[in-house]
Every structure is written in structure tokens, then in C-alpha cells.
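Work through the exercises below with the sequence and the structure side by side, and try each task before you read its solution.

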Amino acid sequence: MSMNIDFDAIKDTVVNIAQSGVAQGKKVATAAKLKADNMAQRDAIRKAYLAIGKQYFAAHRGEPDEEFVQLFTAVEYAMSAIEANNAELAAMKAEPDVSVDVDVEMQAGEVPDDLETLIEQEMEQADAAEAEETPAEEQAEAPVEDAPVSVEEDVTEDDFAEEDIQD
């Protein structure tokens with residue numbers, strides 16, 4: 001079985017595909033450039049129209065042509081609204097800051113003058129509640145008989161020094 005592969009034909013096909021891809025890329029880039037230029041030109045036109053409108057408005061503010069009366073009225077209305085808003089903003093800035101007094105009522109008992117007293121009271125209440133819930137017999141821990149203890153790890157009371165317990 002003999003295979004005849006024409007590498008030159010494959011090479012020509014790949015080169016043609018690559019060249020068409022490059023040509024398509026150039027076409028897309030050129031189109032994007034032209035669209036960007038069109039947007040810049042439209043922006044220039046908009047700015048020119050705006051400048052023309054401002055100049056015409058300034059020149060004919062008191063006596064607009066009949067076809068522009070409605071537009072002049074809309075501009076005048078918007079300008080007066082802006083002036084009113086700016087006046088209100090200036091008045092707000094001139095007013096002193098408003099302070100709010102808040103009274104907080106405690107639901108249970110008096111509030112102590114210092115925080116330490118409050119903390120002590122809460123700790124005493126927590127200790128009293130805990131003592132009521134747990135009888136004295138249950139507070140002492142019973143030894144665990146089922147737990148295996150290795151000879152090397154026998155624990156005695158001497159292992160618990162007073163300084164370790166205080167921490």
C-alpha cells in the first residue's frame with residue numbers, strides 16, 4: 001500500500017488560507033478605523049451645532065424667530081430651574097449642621113456609672129445562674145473508669161500545679 005501525499009498542494013492550501021485570513025483581518029481593521037473616524041466627525045458636527053445654537057441663542061434671546069420660540073422657552077425654563085436649584089443648595093450650605101439628641105431608655109434596672117461595675121454585676125448574675133442550674137454533686141467530675149491509661153501517662157494531682165490552674 002503506497003501513499004502518495006502531495007505536500008506542495010497542502011502547503012499551497014495552508015498558505016492560501018493564511019493569506020485570506022490576513023486579508024480579512026486588514027478589512028476588519030480598516031472598517032473599524034473608518035467607523036471610528038465617522039464617530040469623530042459626528043462629534044465635531046455636534047460640537048459645531050452646539051456652538052451655533054449658543055451663539056444664536058445669545059444673539060436672539062429677547063426676540064427669537066417664530067420657529068424657535070418653543071425651543072427658547074424650553075431653554076429659559078431649564079435655566080430658571082437650575083438657578084432655583086443652585087439657590088436651594090446655597091441655602092442648605094449656609095444653614096448650620098443639625099444635631100440630633102437621642103435618649104436611650106434601659107429596659108432592665110439602672111445603668112451603672114462605670115463599665116467595671118456593670119461587668120461585675122453581669123458576671124455575678126452569670127455565676128448565680130450557673131450555680132442554680134448545676135447541683136454541687138454534678139459539679140465535681142467523676143473519674144472515667146472506661147478510659148485506658150498507659151503506665152507512662154499516669155496523671156496525678158501533682159501534675160496540676162497552682163500556677164497552671166490560674167491561667
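**Exercise 1.** Which side chain meets R61 in a salt bridge?

*Solution.* Keep in mind that this is a predicted model. To count as a salt bridge, a side-chain nitrogen of Lys or Arg must be within 4 Å of a carboxyl oxygen of Asp or Glu. The side chain that meets R61 is that of E76, with 2.8 Å from N to O. Next, place both partners along the chain: R61 is in the loop between α1 and α2, while E76 is in helix α2, and the pair, 15 residues apart, links distant parts of the chain. Finally, consider how much of each residue can be reached from outside: R61 has a relative accessible area of 42%, and E76 has one of 30%. Partly exposed covers the range between 20% and 50%, so R61 is partly exposed, and E76 is partly exposed as well.

**Exercise 2.** Find the residues that salt bridges join into one network, and describe how the partners are placed in the helix.

*Solution.* Begin with R46, which forms a salt bridge with D43, their closest N and O atoms being 2.8 Å apart. These two residues are separated by about one helical turn because they stand three residues apart in helix α1. Then turn to K47, which also forms a salt bridge with D43, here with the closest N and O atoms 3.5 Å apart. K47 and D43 both lie in helix α1, four residues apart, and this again is about one turn of the helix. As for accessibility, R46 counts as partly exposed at 48%, and D43 counts as partly exposed at 29%. Putting the steps together, the salt bridges share partners and join D43, R46 and K47 into one network. By the rule used here, the count for the model comes to three salt bridges.

**Exercise 3.** Which residues form a negative patch on the surface, and which form a nonpolar one?

*Solution.* The negative surface patch is formed by E116, E120, E124, D127 and E130. One of these residues, E116, lies in helix α3, which spans residues 115-133. Exposed means over 50% relative accessible area, so E116, at 58%, counts as exposed. The nonpolar patch on the surface is formed by M3, I5, F7, I10 and V14, which together have about 550 Å² of accessible area. Among them, V14 is found in helix α1, which covers residues 7-59.

Key:
Residues are numbered from 1 along each chain as its sequence is written. This is a predicted model: local features need pLDDT of at least 70, side-chain atom pairs count only at pLDDT 80 or more; totals for chains, interfaces and linings use all residues. Side-chain values use heavy atoms; hydrogens and water are left out. Patches are made of residues with over 30% relative accessible area and no salt bridge: like charges are joined within 9 Å, nonpolar side chains (Val, Leu, Ile, Met, Phe, Trp, Tyr) within 5 Å. Accessible areas come from the Shrake-Rupley method with a 1.4 Å probe; for residues, only the protein chains shown count as cover. Buried means under 20% relative accessible area, exposed over 50%, partly exposed in between (1.4 Å probe, protein chains only). Lys and Arg count as positive and Asp and Glu as negative; His and the chain ends are not counted. The place of a charge is taken as NZ of Lys, CZ of Arg, CG of Asp or CD of Glu.
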